[in-house]
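Q: I should like to learn how strands, rings and charges are read from a set of coordinates. Please begin with the pairing of strands.

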Amino acid sequence: MDTLIEKTKEKKVFLETFGCQSNVLESDHVTGLLLKNHFSMTPNAEEADVILFNTCSIREHAEHKVFSRLGQLGDWKREKEGRVIGVMGCMATSYKDQLLERAPFLDMVVGPDQYLKVPQVIREAAGTGVSQVLADFDPVYFPENDPNRLAQPHKAFIEIMKECDKFCTFCVVPFTRGREISRPAESILGEVTSIAQAGVKEVMLLGQNVNSYGLGLRSKGQGASFAELLRQVGQIKGIERVRFMTSHPLDMPDDLIEVMATVPAVCNSIHLPVQCGSDKVLKRMNRKYSVAHYLEQVRKLRASIKDLFITTDLIVGFPGEEEKDFQGTLDLLDEVRYDAVYSFKYSPRLGTPAARMLDHVSEEVQDERLARLNEKAWKQASEACESRVGKVEEVLVDGPADKTPDAYYGKSCQNRTVVFPGKGYKAGDVVRVKIESHKVANLYGTIEK
């Protein structure tokens with residue numbers, strides 16, 4: 001063991017992350033493990049001794065990018081003895097055989113539940129040159145944030161649960177990451193208290209479906225509901241903002257809406273993925289709610305929460321989607337008027353029921369519908385930004401603005417990006433900004449003293 005540690009002590013690791021915020025959080029934890037185990041990190045792949053990809057299988061585009069990156073690394077691997085290439089995350093589970101076939105020079109394929117073993121696997125790969133595949137589901141762990149290593153010292157992601165039991169026909173998560181499991185509330189509250197004492201002001205609670213947090217624990221007579229957890233997190237001293245994602249529309253409880261409306265630290269924003277505006281297509285997706293049910297949830301949210309910021313996910317061209325189904329999605333946009341829409345063309349995911357459906361929509365039709373959807377969504381988002389002009393936003397400062405000289409940027413309570421001129425501000429400051437204009441999805445204003 002000591003010999004292996006010495007061989008890897010000076011090795012530099014380049015880690016590229018694909019996918020959602022949960023993947024970003026997991027990459028942060030892997031980085032922490034590597035630093036504790038005598039590796040160093042580099043943002044430059046050219047100077048790395050180890051290249052790791054933390055992957056996502058939810059979207060086809062992300063998978064293509066990973067395979068493309070791997071295709072470019074064969075020569076890099078052969079140029080110097082002891083170099084290591086590894087794939088982590090969802091693709092390690094769903095594509096473990098294909099990965100080794102297409103990139104036989106891969107040294108390690110490590111699934112989501114195997115991250116604790118990454119430092120040792122790298123050492124063994126560097127020392128022996130033998131490929132390892134660790135993609136089975138192991139007991140789930142919830143590593144905690146290191147306050148000294150946060151990407152932004154005033155913000156933190158907190159993973160409160162893993163995986164999902166909804167089994168939407170298009171989604172690969174239950175197959176690549178396993179069944180739903182919740183982290184005990186005591187552990188979550190302890191971590192939030194600790195990082196708040198270290199200066200963190202905003203936390204984002206993460207889960208595939210936070211609404212079902214604690215179901216397994218409560219079935220054993222233990223634990224809190226998500227609404228109860230959210231209330232307790234929002235009352236921790238030092239925490240000024242609490243966000244969460246993602247909420248499934250099927251089981252959003254009334255007490256969650258009540259907490260959002262009454263606990264000051266809980267932000268007035270929600271991501272509520274609808275996926276489609278057609279009951280026929282929703283049924284084929286196994287979403288288990290109707291458009292009417294979804295709209296009732298939106299109505300209750302807006303009736304209770306002032307200045308609600310609402311975003312959604314939409315899939316265009318799901319198998320069997322006809323023009324009248326797509327028109328239902330456009331009508332839904334007119335009804336809800338989202339502040340932001342994340343839209344995607346349907347792409348079949350390996351092993352999912354939707355991939356076996358025969359009535360797939362052509363690429364040309366998908367492209368045309370996506371363009372129409374994005375045009376409408378973009379116009380509505382721009383109008384939502386325009387409605388903020390003249391208002392005063394309370395902004396949590398993130399740092400200097402990249403593209404605006406002598407200016408800073410941060411997020412409003414609604415989670416809108418706000419840019420303002422000034423000097424001497426630091427991440428974590430809270431300022432009041434009067435909005436004077438908007439460009440794309442950003443708001444621009446001046447400090448109100």
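A: Two strands pair if DSSP finds at least two bridges between them. Helices (H or I, at least four residues) and strands (E, at least two) are DSSP runs, numbered from the N terminus. The model is predicted: local features need pLDDT of at least 70 and side-chain atom pairs count only at pLDDT 80 or more, while totals for chains, interfaces and linings use all residues. Residues are numbered from 1 along each chain as its sequence is written, and side-chain values use heavy atoms, with hydrogens and water left out.

Q: How many bridges join strand E18 to E19, and do the two run parallel or antiparallel?

A: Strand E18 (residues 430–439) is joined to E19 by six bridges, and the two run antiparallel. Within this pairing, Val-433 has Ile-447 of E19 as its bridge partner. E18 and E19 form a hairpin with two residues between them. Val-440, in the turn, has a positive phi of about 55°.

Q: Which strand is joined to E19 by two bridges?

A: That strand is E17, which runs parallel to E19 (residues 442–447). Here Val-418 stands opposite Leu-443 in E19.

Q: How should one read a pair of aromatic rings?

A: Rings of Phe, Tyr and Trp (its six-membered ring) pair if their centres lie within 6.5 Å; planes under 30 degrees apart count as stacked, over 60 as edge-to-face and the rest as tilted. By this rule, the structure has nine aromatic pairs. In one of them, the ring centres of Phe-318 and Tyr-346 are 5.2 Å apart and the planes meet at 70°, so this pair is edge-to-face. Phe-318 belongs to the loop between strand E13 (309–316) and helix H15 (323–336), and Tyr-346 to the loop between strand E14 (340–345) and helix H16 (363–386); the pair therefore ties together parts that are 28 residues apart in sequence.

Q: Are Phe-318 and Tyr-346 buried or exposed?

A: Buried means under 20% relative accessible area, exposed over 50%, and partly exposed in between (1.4 Å probe, protein chains only). Phe-318, at 0% relative accessibility, counts as buried, and Tyr-346 is buried with a relative accessible area of 7%. A second pair is that of Tyr-408 and Phe-420, whose ring centres are 6.2 Å apart with planes at 25°, so the rings are stacked. Tyr-408 is in strand E16 (residues 407–412) and Phe-420 in strand E17 (residues 417–421), so this pair ties together parts 12 residues apart in sequence. Both Tyr-408 and Phe-420 are buried.

Q: Which residues form one aromatic cluster with Phe-318?

A: Phe-170 and Tyr-346 form one aromatic cluster with Phe-318.

Q: When does a charge sit over a ring?

A: The criterion is that NZ of Lys or CZ of Arg is within 6 Å of the ring centre and within 35 degrees of the ring normal. Arg-102 lies over the face of Phe-67, at 3.9 Å from the ring centre. Lys-162 is placed over the face of Phe-142, with 5.3 Å to the ring centre.

Q: How are salt bridges recognised, and how many does the structure hold?

A: A salt bridge is a side-chain nitrogen of Lys or Arg within 4 Å of a carboxyl oxygen of Asp or Glu. The structure holds 34 of them. One joins Lys-80 to Asp-49, with the closest N and O atoms 3.6 Å apart. Lys-80 is partly exposed, at a relative accessible area of 42%, whereas Asp-49 is buried, at 12%.

Q: What separates Asp-398 from Lys-155 in sequence?

A: The side chains of Asp-398 and Lys-155 meet in a salt bridge (3.0 Å, N to O). Asp-398 lies in strand E15 (residues 392–400) and Lys-155 in strand E7 (residues 155–159), so the pair ties together parts that are 243 residues apart in sequence. Both residues, Asp-398 and Lys-155, are buried.

Q: How does a salt bridge within one helix read?

A: An α-helix has 3.6 residues a turn, so residues three or four places apart point the same way. Glu-296 and Arg-299 are three residues apart in helix H14 (residues 291–304), and are therefore separated by about one helical turn. Their side chains meet in a salt bridge (2.7 Å, N to O). Glu-296 is partly exposed, with a relative accessible area of 33%, and Arg-299 counts as partly exposed at 47%.
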